[in-house]
Structures are given as structure tokens and as C-alpha cells.
Amino acid sequence: METTSCHEQPHAAQQAGAATDTSYTKGTFGYDLLFLQKKDPGLVVLQQGDAQLLVSPRYQAKVFTSTAAGSQGQSFGWIHYQAFDGPEDAHMNGYGGENRIWLGPEGGRFSLFFAKGAKMEFDNWHTPKAFDTEAWQLVAQKADSVVMEKSMQLTNYAGHAFSLSVRRLVKLLDNSGIDNALHLVRDSSVKAVGYYTENSMTNTGTETWTATTGMPCIWMLDMFNPSPATTIVIPYKAGKPKPATTDYFGEIPADRIRYHDDKVLFFKADGKSRGKLGIHPSRVQPVAGSYDASHQVLTIILFDTDPLGRYLNQEWSTGKEPFSGDAMNAYNDGPLADGSQMGPFYELESVSPAAFLPPGHTHTHRHSVFHFTGNVAGLDRISQQVLGVKLETVQQAF
């Protein structure tokens, strides 16, 4: 099994509270710490006891990974180790990371990923360098938090140029902060790591962003490691239209998605079949999660929603109404038609409404991530309190 010796970076290991004579197995937090410090000497380590977090200003202000159990504990974020070496990819540099910020929309009449008039197909799809490859500025750092900023110049599919600044706060929460955020009464045997992100976008140009010019939205994407026993859990509100868009990359096979009591959606997250879904703004709840039964890890995300907001359609088409988008998404990776695959991984995502901003005004989107590991009974109580469903029901979905 692949290992990294912490003799290679003793100071980095000491920063994370690890002994310098240990070798870390791939999949542990210590392994990822040492790997990433070689790629980003300015990597920030946030720590609250055994709970730790790696944040990289060099790599687009990503939270790369976290752990609830110290340097020898499981590393929760998916990291694409191979992407750090070799030439830059013209389309997207998928370094991974369990919490990253992009700006949308990806497709549609106001796309930021396609040049004006270009056909919306892969050959013409390019992630803007400002949130794909360029470094961000570290502007503030404390023991439990970090603030990063980036000025950007972007042009959308409609040909409108935007000047903007993005500011990102990442704050590691202590145990009481985690429990308060989720209104939990938690079993003391359950270990946890949780963090809050505040992501703000300011119009630094001279024109108001309107339905004619188009406008960006804030898009948060969390990449995690799949397993054959991982299931995404998405609570949703009663009502109409149907809760989920399920055909982003072709219709998701019926045996990979389940609806429970018309209030919870289950989506298989094994990294073996490519599919994406989205939850309609009128049906979305401000919470989602996943459960990996093989490792006994319960993951929960909290995020802002706005029932009155106008959400941008991000599909690779100009034919749909531009404000007909989803407010939350989930993605399961799988092989492409040619058999190649970047992952495997799965994603939980949240999206802000379209930002109709006058010059000098700011739009903010908050998104938090929590991981719990421990005995199943303790995890089950959290799942029922936060997601409204028993873990037994989650495991029986597929």
C-alpha cells in the first residue's frame, strides 16, 4: 500500500500534531497533508483537537480535505493526485477538494464556460482560469479560520464583460459550534469535523448586472470519496413541480435513484455510473448529506436557499429559460463513453440565486460541511435529527 513518510516534511507534520517518525497510509489525513504541502508550501492547517482541515490559497481557495480523528484519521476529501503534475488541461484542472468555489452558470445563454457563439460541446468548454488554476490571495488567518480573495475579469456567452471580486471565509467549528449549527444532541462517542464557509461576490465594475447582461452565481462543489455502500440523502419539500431534474447527462437509471415517502431522495454514490441531478428551488431544503456504511461516515451539508430567488439554468443548452435552474445538485462519477474516468468521486453541490448586483454591491452564499464517524447508533440519531431518515432506511435503498 502506498505510504508517505513524514520525515519528508517534519515541520508540516508537527503543525498538524503528528509525530515525525510515522508513515501515513494513503487515505489518511497525514498522507494528504504531506502530499499537498509539497504542492503548496503555503497550505493552511486549521485544527480543533483531532478535527483538522487543509485549505489552499494556491489552489483556488479550496478546502482540500478534513479529518475528525487526527493525522492517522480518515481523509474525507477526494484528491486527484495525478492532476498536479504535467501540463495544464485546457478544459478543467480537476485537482479535487472537498469544498471548492466556482462561479456559474456553466451552460445557457449567460454561460461563463463557453465563448460567445460557440457550440456547447466539450471541445469548446473551458473553466475560467480565475477559479481553475490561478492562485488566490491570503488576506487573514487565525488558528481556526482563513480569509482569501480573488479579483476576476470574466466574459459570458452573451458577450458581456464582468469585473468582480470574490472573498471567501473558511472557519473550522469546535464541537459546540457543530452541535449548535445542526441543533444536535450528539452522542459523545461520535467524532466530528465541521466547517462554515462564507462566499461573497462583489460587482467591481461600472454596470449593473441585469437579465439582459446576465450575471454570475456562486456555485459550491464538495468532492468526496465513494464506496459501494455510499448513498446520497437529499430531503425535499412537498409540492410541485417534480422535486428533481434527473437528466443532466442522460436520464439516471431507475435502479440508482429512489424516492422515500415523498420527502427524501436517495442517490447511489459508488463512483461507477456518471449521473447528475438537481433539486428545484421550490422543493429544496437547506440540507443534504450522504452515508458511507462501509466506513461508518455520515456527511451533512448546510447551505443558503432563497425561495424568491431566480436560479440560473446551467445545462449545456441555450434553448431553455435562463432562470429555470436548480438550487442544489448531486453528482456521481463514472466512466465516460470511451471508458476513461477522472475519479471515482461523488459531489454534493449548492448554488446561489443569480446575482442582480449594482456596482459596489455584494452577493453572499453560505455553505457548511460536517463529517461524523463512530458507532452506528450515534450516527443514526444524527441522521434522524438532521436528515429526517433512519440509516437503516438509507442502507435499504439499494
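**Exercise 1. Helix α2 and its sheet**

Take helix α2 in this predicted model and work out which of its residues are buried.

*Solution.* Start with the residue list: in α2, the buried ones are Phe-29, Gly-30, Tyr-31, Asp-32, Leu-33, Leu-34, Phe-35, Leu-36 and Gln-37. That makes 9 of its 11 residues, so α2 is mostly covered.

Next, look at the small sheet. It is an open one with 3 strands in the order β3-β4-β5, paired antiparallel. The edges are held by β3 (44-48) and β5 (62-67); each has a single partner strand, so one side of each lacks a neighbour in the sheet. On average, neighbouring strands here are turned by 20 degrees against each other, direction ignored.

Zoom in on one pairing: strand β4 (residues 51-56) runs antiparallel to β5, with 5 bridges between them. One bridge to check by eye is Ser-56 with Lys-62, the latter in β5.

Now bring the helix back. Helix α2 (residues 29-39) packs on this sheet and touches β3, β4 and β5, its direction making about 25 degrees with that of β4.

**Exercise 2. Sorting ring pairs**

Classify the ring pairs Trp-102 with Trp-219 and Phe-113 with Trp-125, then say where the rings sit.

*Solution.* Searching the whole structure turns up 25 aromatic pairs. For Trp-102 and Trp-219, the centres are 5.3 Å apart and the planes stand at 75 degrees; that makes the pair edge-to-face, because the angle is over 60. The two come from distant parts of the chain: Trp-102 belongs to strand β6 (residues 100-104) and Trp-219 to strand β11 (residues 217-224), 117 residues apart.

Burial is quick to settle, since the cut-off is under 20% relative accessible area. Trp-102 comes in at 5% and is buried; Trp-219, at 1%, is buried too.

Move on to Phe-113 and Trp-125: 6.1 Å centre to centre with 10 degrees between the planes, this pair is stacked. Both residues sit in the loop between β6 and β7 (137-141), 12 residues apart. Phe-113 is buried at 1% relative accessibility, and Trp-125 is buried at 9%.

Step back, and ring pairs tie these four residues into a cluster that also takes in Phe-114, Phe-122, Phe-131 and Trp-316.

Last, hunt for charges over rings. The charged end of Arg-100 sits over the ring of Trp-102, 4.4 Å from its centre. Elsewhere, Arg-274 lies over the face of Phe-249, 3.9 Å from the ring centre.

**Exercise 3. Walking across the ten-stranded sheet**

Trace the strand order of the open sheet with 10 strands, and find what packs on it.

*Solution.* Write the order down: β7-β8-β9-β10-β21-β18-β17-β12-β15-β14, with antiparallel pairing. The edge strands are β7 and β14 (257-260), each of which pairs on one side only. Neighbouring strands are turned by 20 degrees against each other on average, direction ignored.

Pick β21 (residues 362-373) as your anchor. With 9 of its 12 residues buried, β21 is largely enclosed by the rest of the structure. Then check its two partners:

- β10 (residues 191-203) pairs antiparallel with β21 over 12 bridges, and Tyr-195 stands opposite Val-369 in β21.
- β18 (residues 297-303) is joined to β21 by 7 bridges, again antiparallel, and Val-297 has Thr-373 of β21 as its bridge partner.

Further along, β12 (residues 230-235) and β15 (residues 264-268) pair antiparallel over 5 bridges; one of them puts Val-233 with Phe-266 in β15.

Finally, add the helices. Helix α3 (residues 175-182) packs on the sheet, touching β10, β18 and β21, and its direction makes about 110 degrees with that of β21. Helix α4 (residues 376-386) packs on it as well, touching β17 (287-292), β18 and β21, with its direction at about 20 degrees to that of β18.

**Exercise 4. A buried asparagine**

Find the polar contacts that the side chain of Asn-329 makes.

*Solution.* Place Asn-329 first: it lies in strand β19 (residues 328-332). With 3% relative accessibility, Asn-329 counts as buried.

Then list the polar partners. The Asn-329 side chain makes a polar contact with the side chain of Tyr-248 at 3.3 Å. A polar atom of that same Asn-329 side chain also lies 3.2 Å from the backbone oxygen of Leu-277.

To finish, widen the view to contacts beyond four places in sequence: among them are Lys-276, Gly-278, Glu-347 and Val-351.

Conventions. Residues numbered from 1 in each chain as written. Predicted model: local features only at pLDDT ≥ 70, side-chain atom pairs only at ≥ 80, totals over all residues. Heavy atoms only, no water. Phe/Tyr/Trp six-rings, centres within 6.5 Å; stacked < 30°, edge-to-face > 60°. Helix = DSSP H or I, 4+ residues; strand = E, 2+ residues; numbered from the N terminus. Buried < 20%, exposed > 50% of the residue type's maximum accessible area, 1.4 Å probe, protein only. Lys NZ or Arg CZ within 6 Å of the ring centre and 35° of its normal. Pairing = 2+ DSSP bridges. Axes fitted to C-alpha atoms, helices over the stretch in contact; angles between N-to-C directions. Contact = heavy atoms within 4.5 Å. Polar contact = N/O pair within 3.5 Å; in protein donor to acceptor, adjacent residues only side chain to side chain.
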